[in-house]
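Trainee: I am new to this one and would like to walk through it with you. Could we look at it together, one question at a time?

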Amino acid sequence: MKIDALKALLNEMTTEEKVGQTIQLSADFFSDQSEDITGPMNEMAMTEEKKYQVGSVLGISGAKETIALQKRYMEENRLNIPLLFMADIIHGDHTIFPIPLGLGATWNPDLIKQTAQISAKEASAQGLHVTFSPMVDLVRDPRWGRVMEATGEDKLLNKRYARAFVEGYQGEDLKEDLTKLAACVKHFAGYGAPRGGRDYNSVDLNENTLREHYLPAYQEGIDAGAKLVMTAFNTIDNIPATGNKRLMRDILREEMAFDGVLISDWGAIGELVPHGVAEDNKAAAKQALTAGVDIEMMSAAYSEHLVDLVNQDETLKTLLDESVWNILKLKNDLGLFEQPYRGANETTEKEAVFSNENKQVALTVAEQSIVLLENNGVLPLKKDSKLILTGPLSQSTDLLGAWSWKGNREQTTTLEDAMAAVANPDVFSVIDDRTFLEGQNSFFMDDLRTADTVVVALGESSEMSGEAASRTNIKLPENQLVLLRELKKLNKKVVAVLINGRPLDLSEVVPLVDALVEAWFPGTMGAEAITNILFGKVNPSGKLPMSFPRSVGQIPLTYNEDSTGRPMTEGKRSEKYLSRYLDAENTALYPFGFGRSYTTFEYANLTLSSQKISEDDGLQVSVDVKNTGDVKGLETVQVYLRDKVGEVVRPVKELVDFKQVECAPGESKTITFEITEEQLRYSHADHSVSSDAGTFLIGIGTDSSVTLSASFELEK
Ligand code: NOJ
């Protein structure tokens, strides 16, 4: 539709119709079992008439269903304005990829973009228009269950993934390319930093930290063209984000130049009341509209009060028009006025969904997401050693993770079946023991005596991470530790495969195992991917996107912490008055960027093209990376630097770039990175972004524990 026609449409709308556009209902409001929804209808201040004025529906899927609802709705809607269909397609639609934390461990944004393209293709064929993804919240606290939905603790990595997701979902021409979805960057802002790691809790970030670490990934998603942003449940500066005018209007709209649709999170406008910043739903509606929230997801404040509010207040009337304009523009950008069913098509749906081609990508990405934490030589498994598989997740199909939308466990292979397909049947057997996940120990140790190597699948069930799944104890469940202790006594080689949604405290696990494989929730092809890693068909290359702590007491933990006045450095272990713990190291058990391979890489000849850098001239830094083992391997080469003196305290180390390189045994490659002045900029005390002249330390290595052994000067 031409812009003039769209404006004319807005002018033709009644206030009730405009308010309708700002309301989002879940799909069950349109189900045929209307008696089941009388209660919810009342709670949402809905009537049959109002229902056919709402602007969007969440949680619907299936071409047949979306076409039927759109048809019915358009017949009832006076102005024929089509509905928007939205859903949480987070790490796959039917074909489920690893959870985002696992995707983060690939360090491969191109591959992540491909997963987003596949999600969009599958979901658009079912008639969906918007996905509530990517979640780009930076995370430093593994107690928070939603770390599984994040891509980690680093802003650069998060930025690269944010862009990859948005570009993958939206493509280059959202209107014409019906296999694409509009993306929604969430949760603005700072949702990844709840106090104590408790979901929905308040957030206490100083503005400099917010700007320096947390905002960049949202900005990147917006710059990549994301059509929507979702508000966070939490407070920023003690004001809930959903009613925070400064955050939404001054920072998001003005500074960050976001001009799309701002949608509340589920019920978040209504929650301004229990937050204690609004007296009632009416005040909440006023506050949220004033802050610039265009769509209210599943609370009744707009539905109940917006008509009255705007009738009494010209300013609010203008704000309502702005919101409705944003929503109509989104519908127009998706081409819905011309094609209200967009990509929905039952035939295309059948072909698009869960295709072999999609599963092949799911396999590759799952393989690349797996991180080898320990290996004393037991992996890859020897084909002729006597193998036993056990553990609570060995026969489980709970491999998809907490946000696996249309993922079907019945189409998910268990580790037992995947391993049985490749292991020599004479030497491979399985001991069924799911009880270790359920809380009782069982006694089958005698059966294990015949094995050389025991593969034990451990971890969390999918309900133990995700939304509303915070934990204070992030160790393996105690009965799984009991199992490992018993196995240790048998003196067998033990390979532990971990399936879980957060960095765990593995301090007690490490001494009990010979190899430790972090597989996250690996998705549709997860069991096959794990098997390929275990038997060496694929050499592991995943690198942690988030630190694994030594103990829950270190949390929040991040490699790029601020410098302190009393740093704890090597050689100072006997000193007391330092920033340290009496009972633990400061460092992570496995640092950000860490991951082993079946080969080894040697780094040598760190070389800088110049000792100086300026605003006009950057420099090149290079290093030789050599595969010193006997199998081919993929290494992620990481560059870190430190700004020695800043106007505000700077991190002890920051990732500034990375590249992946594949080397054959014995092969050496020189990897070169460009360093420019732009990469040295940061948020200053007045929140301006610039660099400071002076010394920078730099290093290139295999993970964030690298020593920064070279330096250069920025001249201004
Ligand atoms: C609440 C979650 O916080 C958000 O991420 C999700 O998109 C909505 N629910 C919709 O399901």
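Trainee: Leaving aside its neighbours within four places in sequence, which residues is Glu715 in contact with?
Mentor: Good place to start, and keep in mind that this is a predicted model. Glu715 is found in the segment after β26. With neighbours within four places in sequence left aside, the residues in contact with Glu715 are Lys612, Ile613, Ser614 and Glu615.

Trainee: Is Glu715 buried, partly exposed or exposed?
Mentor: The cut-offs help here: buried means under 20% relative accessible area and exposed means over 50%. Glu715 has a relative accessibility of 41%, so it counts as partly exposed.

Trainee: How far apart in space are Glu715 and Thr695, C-alpha to C-alpha?
Mentor: Along the sequence, Glu715 and Thr695 are 20 residues apart. In space, the C-alpha to C-alpha distance between Glu715 and Thr695 is 9.1 Å.

Trainee: Let's turn to the sheet. Which strands stand at the edges of the open sheet of five strands?
Mentor: The order of this open sheet is β18-β26-β25-β20-β21, and its pairing is mixed. A strand with a single partner has one side left without a neighbour in the sheet, so the edges are held by β18 (612-613) and β21 (654-663).

Trainee: In what sense do β25 and β26 pair, and which residue of β26 is the bridge partner of Gly694?
Mentor: Strand β25 covers residues 694-701 and strand β26 covers residues 710-714; they pair over five bridges in the antiparallel sense. One bridge links Phe696 with Phe712 in β26. For Gly694, the bridge partner in β26 is Leu714.

Trainee: How many bridges join β20 to β25?
Mentor: Strand β20 takes in residues 633-643, and it runs antiparallel to β25. Val639, for example, has Ile700 in β25 as its bridge partner. The number of bridges joining β20 to β25 is six.

Trainee: How many of the eight residues of β25 are buried?
Mentor: This strand is largely enclosed by the rest of the structure. That can be said because, of its eight residues, the number buried is six.

Trainee: Now the ligand, please. How many nonpolar, polar and charged residues are in the shell around the ligand?
Mentor: The ligand is surrounded by Leu58, Asp88, Phe132, Arg146, Lys186, His187, Met230, Phe233, Asp265, Trp266, Met297 and Glu467. Sorted by class, the shell has six nonpolar, one polar and five charged residues.

Trainee: How much of the area that the ligand exposes when taken alone does the protein bury?
Mentor: Let's begin with the polar atoms. An oxygen atom of the ligand is 2.8 Å from an N or O atom in the side chain of Lys186, and for the side chain of His187 that distance is 2.6 Å. For the side chain of Asp265 it is 2.5 Å. Taken alone the ligand exposes 300 Å², and the share buried by the protein is 93%.

Trainee: What is the omega of the peptide bond from Lys186 to His187?
Mentor: Most peptide bonds are trans. His187 has its place in strand β5 (residues 182-188), and the peptide bond from Lys186 to His187 is cis. A cis bond also leads from Phe188 to Ala189, with omega near 0 degrees. For the bond from Lys186 to His187, omega is near -10 degrees.

Trainee: Is Thr524 buried or exposed, and which backbone nitrogen lies 2.6 Å from a polar atom of its side chain?
Mentor: Thr524 is found in the loop between β16 (515-518) and α21 (526-534). Its relative accessibility is 4%, so Thr524 counts as buried. Not counting residues up to four places away in sequence, Thr524 touches several residues, including His94, Phe354 and Leu400. The backbone nitrogen that lies 2.6 Å from a polar atom of the Thr524 side chain belongs to Ile96.

Trainee: One last residue: which side chain does a polar contact of 2.9 Å join to that of Glu207?
Mentor: Glu207 has its place in helix α9 (residues 207-223). At 18% relative accessibility, Glu207 counts as buried. Leaving aside neighbours within four places in sequence, the contacts of Glu207 include Ile251 and His687. The side chain joined to Glu207 by the polar contact of 2.9 Å is that of Arg246.

Key: Residues are numbered from 1 along each chain as its sequence is written. This is a predicted model: local features need pLDDT of at least 70, side-chain atom pairs count only at pLDDT 80 or more; totals for chains, interfaces and linings use all residues. Side-chain values use heavy atoms; hydrogens and water are left out. Two strands pair if DSSP finds at least two bridges between them. Helices (H or I, at least four residues) and strands (E, at least two) are DSSP runs, numbered from the N terminus. A residue is near a molecule or strand if one of its heavy atoms lies within 4 Å of it. A polar contact is a pair of N or O atoms within 3.5 Å; within protein, one must be able to donate a hydrogen and the other to accept it, and residues adjacent in sequence count only if both atoms are side-chain atoms. Accessible areas come from the Shrake-Rupley method with a 1.4 Å probe; for residues, only the protein chains shown count as cover. Ala, Val, Leu, Ile, Met, Phe, Trp, Tyr, Cys and Pro count as nonpolar, Asp, Glu, Lys and Arg as charged, and the others, Gly among them, as polar. Buried means under 20% relative accessible area, exposed over 50%, partly exposed in between (1.4 Å probe, protein chains only). Contact means heavy atoms within 4.5 Å.
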